[in-house]
Structure formats: structure tokens, C-alpha cells
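Me: I would like to go through this structure slowly, asking at each step how a label is earned. Could you set the values against the definitions for me?

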Amino acid sequence: MAAPTGFKPFVPATETRPELTARALILGAIFGVLFGAVTVYVGLRAGLTVAASIPISVLSISILRAFGKSSIFENNIVQSTGNAGQSIASGVIFTLPALIFLGFDLEASRIFALALFGGWLGVLFMIPLRRQLIVDEHDTLIYPEGTACADVLIAGERGGSFASRVFLGLGLGGIYTLFQNDNLFALWPSQPDYQPDFGVQRLLKGSAIRADCTPEYLGVGYIIGLRVSAVMLAGGIFSWLVLMPAIYFFGSHLSTPLYPGTVLVKDMSPSDLWRTYVRPMGAGAVAAAGLITLLRTAPTIFGALAQGLRSMGNKSGAAKTRPSRIEHDLPPSVVFGGSLLLVLLMFLFLEFKPIPGAQVGALANLAAALLVVVFGFLFVTVSARIVGIVGSSASPVSGMTIATLMATAAIFLVKGWTAPAFGALAITIGGVVCIAASNAGDTSQDLKTGYLIGATPWKQQLAIMVGVIVSIFSIGATLNAMNNGLEQFQRMQKPVVFSLDQLPDGVQNEGQFKREHISLTSHSAENHAKEEVSNANQFVLLNAIGSTTLDDGKYLYNPATHEIEVQWIQGIGSEKAAAPQGRLMATVINGILSRKLPWALVLLGVAIVIVVEMLGIRSLTFAVGAYLSIATTLAIFVGGVMRWMVDRAMAKGRSAEEITLESEVSPGSLYASGLIAAGGIVGLIGVVVKLYEAATERSIWRFSEHNPLHHDWVSVLMFALLAFSLYYFARKPLES
């Protein structure tokens, strides 16, 4: 719906309608909390995020209509406020999980502060860019998601309704997840698993074929399409069906552990092989692919920056007349005053809430705060322009963050700040920049939507800032809930003898373990029984970072036996919440500062990416697939296949002019959005249930694992039925 020069908005500038109303802000805030939490949940698990503005617009039209007549401007305020949650969550999950991988805890206050600083910087820096990018370059910068969202709002204003399809996906997906999720009723297995082991030579031993049969993965696969999901699955097949059985084949005869592993290869399960060998290789692949993406987009980035600076320099002193309604931004005093306030708050935060072990002087903290602003403005300008061309989903935000981290880490290296704590400080700086760039991209999409329908810019900008404040509460809570709710305490296959008086390099004593009760899971995939430990506070907590003796992570040491007996596997970074972008950021930081990486595996990942690029395939998608569990990529691929089947079916019997393949406002994409929301919301309920059980030592009622439906084939059948529902409702036209 790109307009020609001489463009007129849907609502003229001379007409006013209800816009920044209390009900619009409240509903938008609710959606911000909801979609912020869902984005964290899905993004940590799938390594992907999907735009929330269209589903929010669709739901807003129906909900506000139910409470009486609503205006198109109110619905736009709802989607602008709610979409802030999704954009902030994207920036948070791309960076802050790296703190866990560097051995630090996720503090709620730190998440809150960094998300607030980055979110508001993204909005404030976008305000002076709006006229140049959205108005003056209206015909050049399309902003695909913003334009599609305007189409939905205009159709809703004319009487169209699409919400029933979203609610249908939400309902069916929610019921499915209640019975599929391990933390809820668990009527059938959540993840069917087959581990090949053929013949005397034990062919494909060490591999696994598994699928995490969740509605959110099905919906994500449908939205990203067959091409992207197939490339992701190709990366998973390479890791799980080629690399892992090769490691087992060559390493199973070794009598000593193969670095960086600490147990014999022949004693490792597929999950152990993935965690020990594939994950470092995948991190190297993702890092290399991210750098290649950054280099590929460097001309675009520099061009966007140069053009932005030229446009700002060419602004003439216009007459100080009151702007029309559709040209009225928040005043420059808010932009400059807000930016200075954020610099001050960032400085105070670094000064009085430093990373433990990374205390630096006031001058260095001020320099760090200014560094955030400089990098923030640079990449906000770049991000806002790039998303106008390629859309938010294809914006290289991770590449910009890598550039920030590399520059920051290089400064730290020159200063001699190479302790792990300074890596966490670098992540703090990079995290704020990443969140700012992510929010600026989505803010520009929202402002494009507002420009097309004739909304008032300053009201939209204010609504987005409200959305930032509200959503960061749910984002931080969800991040910590997933890390705690998906954690596992696993008994070591072979206890490691240790002396607390002579800890090896890279292992730190963090004092007495504070919990009294934990549940130990078996190392064997076949054994689901749990061992309850009621005196867990006898253990001493050890943290390994860059050690040649232990894999990175946390361990429980028994002073009575002088052995490490339990590995504490954090929820974030586990197979169920792999957080590939966070692992990438930690790898970049570790590679520059500590230089303690399994370089053979990292460089193997780099070499694989180079080969994939030479084959003409965009390597970042393949690298993310190689890093994630095949359980994730296989389920996403099923959604991609459904998209391909729907496109083929919709194209049958039509001429080239009549063929209209799936768009962002099609029946299938709306139903898929409902599935994603259902999987995220009900999945989060499951995480909360698990936390409740751990806190109260009570268990909710679940179906027994011996019930007649608890078989892998039932799980496959139910997932196939859910996939068929997606195929069916994607082909069923929407009601006018």
C-alpha cells in the first residue's frame, strides 16, 4: 500500500478522533506484558522472534469494538503500546542471557534497568529521524510490517474482522498444550525421541531424531515459510545426524575424555554430545555467520548513517509555526533532556550497581555511559533505515551488537580488563545498544503505520514509551522464570575428585549452596525417575568458566566425599531454551577477552559457515539450525511444510493474475499467530507450575507415564492433527 508522492493519509490532518484514551493505553499495556513474555519464551527456545503488531491490531479491533465504537487511532495506540513489549524482549533475549553463559546471575534489577535504558533510547533517538525516514522518504522506504499493519487497521475501520481466526488458534493451541506439556497434564510425551543404533558397527550411534511437538514451533515455521525452515533443519541434520555420530564413531574407543568433554565419549548420550561438542561448534558458526552478515550489510549501514547525517545537516531553520496534527512530534527538549537523563541514570547504575569484580572508576563509568549513547544513536539510525527496506525480521541487529561488543571488548583488552566480570560489563553496554536498535526498528514501523492512517506522532511516541515501561516487568520475570523453571540438577556420571584448597584455573568457589531441597534427574534418557535430595545445603557451589577440568557451568561439591557429585544445568542454555544469540555474544566476548575457548570446535563451525556461504546459502539461518536442538528445527520445519502445502493449494486452478500467495494478514498467518500465543502463554503457565512445585514441595495431578496414550506415536499423531488444523483453517477464507 505504498502511496505515491502527494500522499494523503486515511484520516485527514484536519479531522480528530479519539486516540490516546485510557482504554487504549490499558489494553496496549496488557498486550505489551503478554507479547513481551511470549516473545521471551518462544525466542529463547526457537532462536526466532515474530512481529506482534498485526496480531495485536487484529485482537484490538474486536476487543474495543465489543466495548462500543472505537476509532482507528485507538487501535493504532493499542498496537504501538503492545508491540513495544515484543521489540524490547527481542533485544533482551539476544544479549542478556550471555550473562548466564559468562557465569553470572540474571538479576531482576539489572534486566529492568538495561531494558528501560535501551527501550527509551530507541524511542527518543527515533523522534528526530521520523520526518526524514517516514515522511520525506515515504516512496523509498516501504516499512513492510508497518504498511501491512495499516492495511489491517483500515480494513477493521471499514468493518472487516479477522480476530476469530486468531482466537481459534489460541483456543485449539492452548488445549493441545495443556495435555502435551510435561509441566502440565502430560497426557502424551512432549518430545518423541528415536536414537538410532544399527548393527554390529552401531551405525548412527550418538545421533537422535526428536521433535518438540509444540504449537508455537508449528506457528513459527508457518510464518517463516519452507525455505528458511528447511535451511534451519539442514543445520540440525548436519549436527545431529552427521557430526554427533561421527564424534561417537571416532571417539568411542578412546580411554580418556576428549576435550572439552570430561567423561568418556562412549558414555555420552546425544544430549551430552550436543552440549559438549556441538554447542561450541554452533556458537562459532553463528559468530562467523553474524560477522559475514555484518560485512555484507556494512555498505548499507554506512550509507544509512551518511544519509541520515546529511539529512540532519541540511535541515533549514523552518518558521516556528505550530505543526499540523500529523506532523506534531514530541519536542526537541524531550529528546535532548531525556537522552541526558538516560546518560546520567546509566552512569549512576554502573557506579552504584557494578558487575561484581568489574568495579572501575567514575570516569570509566561515565565513558561507558557515553559509549552507549554514541553506539546507540549510530545503530538506531541504521536500524530504522534498514527495516524500511527489508523489514524488522531481516534487520541485522545481532550484527550491530557484535560490532558494539567487539569495539567495547577491544577497549577493555587495551586497558587490561580481561577478567570474566569485564565480559559481563561489555554485555551490559552491548545489551542496551541492542535493545535500543531493536526498539527503534519496530518504532519506525509503528510510526509508518501511524503516518499512513493519519495518526498523531507525539501521542504514538508517548504510547510506545509507556509500553516500554510496562512490558519490562514481564520480560525480566519471564527470563528468570524460564531459567529457574527449566533448570535441572543432574547427578554426574562419574563423580570428580576435587580439593577446595587447590581449585584449578577457571573454577570458583561461590560458597554454600542455599537450597535445602532439589530433585536430581537421571543421566539416562530412558530413566525418567527423579531422586529427591532433602539436605542439598550440605553442598558447596562451584562455578566453572574456561576451565580445562570441567565444562562451563555450575556444580555441587560434597565436602564429605571431596567429590563433585551434581551438575546444575541452568534453564537458559539447556536443550529446551538454547538461546543461540546469547551464546553467540558470550562466545565473541570470551574469544576476545579470555581467549579460553575450545578453538578447534569454534573454528570447525567457522569453516562450515564458509562452505555454506560458498554454496550460495545465507549462512546465519543454517548456523542457528546447527546450534539448536534438532527437536526445535524439525518441529519448525513441519510448519514450513504446511505453509508450502497451503501456497500450492491456493495457487491451483488460478491464472497468474489471480494467484495471491500468503501475506501477513492471511487466514493461515493469523491462525499461526494464535498457535504461537497459545504455546507461549500455556507453556509459561507450565513453567510457573514447576516453580510452584519446587517452592512448596507439592505436585499437581498429572497423567501417569503408564497411561495408554503415553507413547511416542501418539505424540506424533496429535502433532500431525494440529498441523492438519493449520492446513485446513489456512485455506478457509476469512469472513467479510
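Reply: Let us begin with confidence, since this is a predicted model: pLDDT is the predictor's confidence in each residue, on a scale from 0 to 100. The protein chain averages a pLDDT of 84, and 90% of the residues score at least 70.

Me: Where in the protein chain is confidence lowest, and where is it highest?
Reply: Helix H10, residues 270–313, has the lowest confidence with a mean of 74, whereas helix H21, residues 712–731, has the highest with 95. Over residues 656–662 the pLDDT stays under 50, and the model has eleven contacts for this stretch beyond four places in sequence. Where pLDDT is low, the predicted coordinates should not be read in detail.

Me: Why is serine 109 called partly exposed?
Reply: Its relative accessibility is 38%, and the label covers values between the limit for buried, under 20%, and the limit for exposed, over 50%; serine 109 therefore counts as partly exposed. This serine 109 belongs to helix H5, residues 108–126, and, leaving aside neighbours within four places in sequence, serine 109 is in contact with Phe349 and Lys353.

Me: Why is serine 271 called buried?
Reply: Serine 271 has a relative accessible area of 18%, and buried means under 20%, so serine 271 meets the condition for being buried. Serine 271 lies in helix H10.

Me: What makes the link between serine 271 and glutamate 575 a polar contact?
Reply: The side chains of serine 271 and glutamate 575 are joined at 2.8 Å, and a polar contact asks for a pair of N or O atoms within 3.5 Å, one able to donate a hydrogen and the other to accept it. The pair is accordingly listed as a polar contact, and Glu575 also appears, together with Arg210, among the residues in contact with serine 271 once neighbours within four places in sequence are left aside.

Me: How do you know that the length of H21 is close to what is expected?
Reply: The expected span is 1.5 Å times one less than the number of residues. H21 has 20 residues, for which 28 Å is expected, and the distance from its first C-alpha to its last is 29 Å, which is close to that value. Buried residues of H21 include Val714, Phe719, Leu722 and Tyr727, and what covers the buried residues of H21 includes helix H8, helix H9, helix H19 and helix H20.

Me: What makes E3 and E9 a pair of strands?
Reply: Two strands pair if at least two bridges are found between them, and strand E3, residues 488–497, is joined to E9 over six bridges in the antiparallel sense; the condition is therefore met. One of the positions to look at is valine 496, whose bridge partner in E9 is isoleucine 564.

Me: How many bridges join E8 to E9?
Reply: Five bridges join strand E8, residues 553–558, to E9, and the two run antiparallel, with asparagine 558 standing opposite glutamate 563 in E9. E8 and E9 form a hairpin with four residues between them, and in the turn histidine 562 has a positive phi of about 60 degrees.

Me: Why is E9 described as mostly covered?
Reply: Strand E9 has seven residues, 563–569, and six of them are buried; since buried means under 20% relative accessible area, the description "mostly covered" follows from that count.

Conventions
Residues are numbered from 1 along each chain as its sequence is written. This is a predicted model: local features need pLDDT of at least 70, side-chain atom pairs count only at pLDDT 80 or more; totals for chains, interfaces and linings use all residues. Side-chain values use heavy atoms; hydrogens and water are left out. Buried means under 20% relative accessible area, exposed over 50%, partly exposed in between (1.4 Å probe, protein chains only). Contact means heavy atoms within 4.5 Å.
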